[in-house]
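Reader: I would like a close look at one part of this model, the group of aromatic side chains, and then a careful account of the links and backbone details that can be read alongside it. Please explain each term as you come to it.

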Amino acid sequence: MEPKWSNTVCKRVLLTGFTLCVVLVTKPSSAIDIYANSEVMMQNGTTGVLRCTFKSSEVVSSLTSVTWSFQSSQPDNQFFKAPYTIFYFSQGTGFPVTNEFKERVQFIGDINKRDVSIQLSPAQFSDNGTFFCDVKNPPDVSGTPARTELRVVLKESLPQSNTTVIVGAVCGVLLVLVLIAVGACIVMRVLHNRHDYEGCTSLESMSSQAPQPRKKVESGLEGSKSTIPLGPLQGPVIYAQLDHSGSKNSFHKMEPVVYADIRKN
């Protein structure tokens with residue numbers, strides 16, 4: 001009886017040890033987070049992008065795979081009943097699955113940057129529905145696929161983007177400021193020219209009406225002084241000294257100075 005008991009105990013110990021080793025060595029898988037836009041609008045016949053990124057605690061490797069699926073919102077569409085895989089990416093290569101999207105789906109993401117977006121060109125009305133993005137990055141394989149509602153509409157139905165509104169508002173404000181600055185410059189220039197014109201006219205009238213000052217002419221001979229008024233049209237004054245001796249050796253007698261005043265009438 002003892003040998004049988006010993007064998008049973010040994011087996012149980014070995015089994016327990018093996019289980020512990022497996023638990024300690026094997027790392028449990030963690031969840032992967034996947035993100036995508038909840039809703040995207042595209043114009044019919046144009047190129048659009050379906051964004052999808054993921055967050056994983058594991059390093060991206062060749063085992064990382066991406067699966068895009070589509071479920072139509074139109075009852076008469078072949079993809080209406082359930083999501084169908086339309087694109088698969090693995091080991092750096094993309095594989096379109098269905099003929100409906102074979103020529104229109106292209107992988108434009110960078111898996112090393114955790115970007116697994118695809119491009120849809122051209123968008124069609126039959127693409128209205130839900131697109132699912134699923135990523136596996138072993139051992140991170142447990143995660144909920146992200147979903148994007150796609151609406152393909154006419155150009156007239158597209159909402160105006162905020163960027164366009166902001167750019168238009170800024171351009172309008174700048175245009176108004178430029179017009180105000182130009183108007184202010186024109187007004188200042190007109191006022192400056194008018195001021196210069198009025199200043200010149202007033203100065204000319206003042207100079208024409210101002211009386212000329214009266215000058216005094218002093219004579220040093222015999223201590224006499226003579227004051228001669230000089231008008232606006234007064235001519236030059238001539239000074240003359242006469243010699244009555246008639247001889248070369250005779251003494252030159254100083255005579256009073258004779259003033260000749262030549263004026264124009």
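Are F70 and F131 buried or exposed?

Author: F70 and F131 are both buried, where buried means a relative accessible area under 20%, exposed means over 50%, and partly exposed covers what lies in between, calculated with a 1.4 Å probe on protein chains only. This is a predicted model, in which local features need a pLDDT of at least 70 and side-chain atom pairs count only at pLDDT 80 or more, while totals for chains, interfaces and linings use all residues. Residues are numbered from 1 along each chain as its sequence is written, and side-chain values use heavy atoms, with hydrogens and water left out.

The aromatic part can be taken pair by pair. A search of the whole structure finds 8 aromatic pairs, a pair being rings of Phe, Tyr or Trp (for Trp, its six-membered ring) with centres within 6.5 Å, called stacked when the planes are under 30 degrees apart, edge-to-face when they are over 60, and tilted for the rest. One of them is F70 with F131, a tilted pair because the ring planes stand at 35°, with the centres 4.6 Å apart. This pair links distant parts of the chain, since F70 is in strand β5 (residues 65-72) and F131 in strand β10, 61 residues apart; helices (H or I, at least four residues) and strands (E, at least two) are DSSP runs, numbered from the N terminus. Another pair is F79 with F101, whose ring centres are 5.9 Å apart and whose planes meet at 50°, so that this pair is tilted as well. With F79 in the loop between β5 and β6 and F101 in helix α2, the pair ties together parts that are 22 residues apart in sequence. F79 and F101 are both buried. These four residues, together with Y84, form one aromatic cluster.

Strand β10, which holds F131, also takes part in a covalent link. The search finds 1 disulfide, meaning a pair of cysteine sulfur atoms within 2.5 Å. This disulfide joins C52 to C133, with an S to S distance of 2.1 Å, and it is left-handed, with -90° about the S-S bond. C52 belongs to strand β4 (residues 52-55) and C133 to strand β10, so the link spans distant parts of the chain, 81 residues apart. C52 is buried at 1% relative accessibility, and C133 is likewise buried, at 0%.

Charged side chains can be followed in the same manner, for the whole structure holds 4 salt bridges, each being a side-chain nitrogen of Lys or Arg within 4 Å of a carboxyl oxygen of Asp or Glu. Among them is the contact of D127 with R104, at 2.8 Å from N to O. It again links distant parts of the chain, with D127 in the loop between β9 (118-120) and β10 (129-136) and R104 in the loop between α2 (99-102) and β8 (105-107), 23 residues apart. D127 counts as buried because its relative accessibility is 0%, and R104 also counts as buried, at 9%. A further salt bridge brings D134 and K136 together at 3.7 Å; here D134 is buried at 18% relative accessibility, whereas K136 is partly exposed at 28%.

The backbone deserves a word as well. Most residues other than glycine have a negative phi, and most peptide bonds are trans. The bond from S121 to P122 is nevertheless cis, with omega near -10°, and P122 is placed in the loop between β9 and β10. A cis bond also joins P138 and P139, with omega about 5°, and P139 lies in the loop between β10 and β11 (146-153). As for phi, Q91 has a positive value near 55° without being a glycine, and this residue sits in the loop between β6 (84-90) and β7 (93-96), where Q91 counts as exposed at 61% relative accessibility. R114, likewise not a glycine, has a positive phi of about 60°; R114 is in the loop between β8 and β9 and is partly exposed, with a relative accessible area of 26%.
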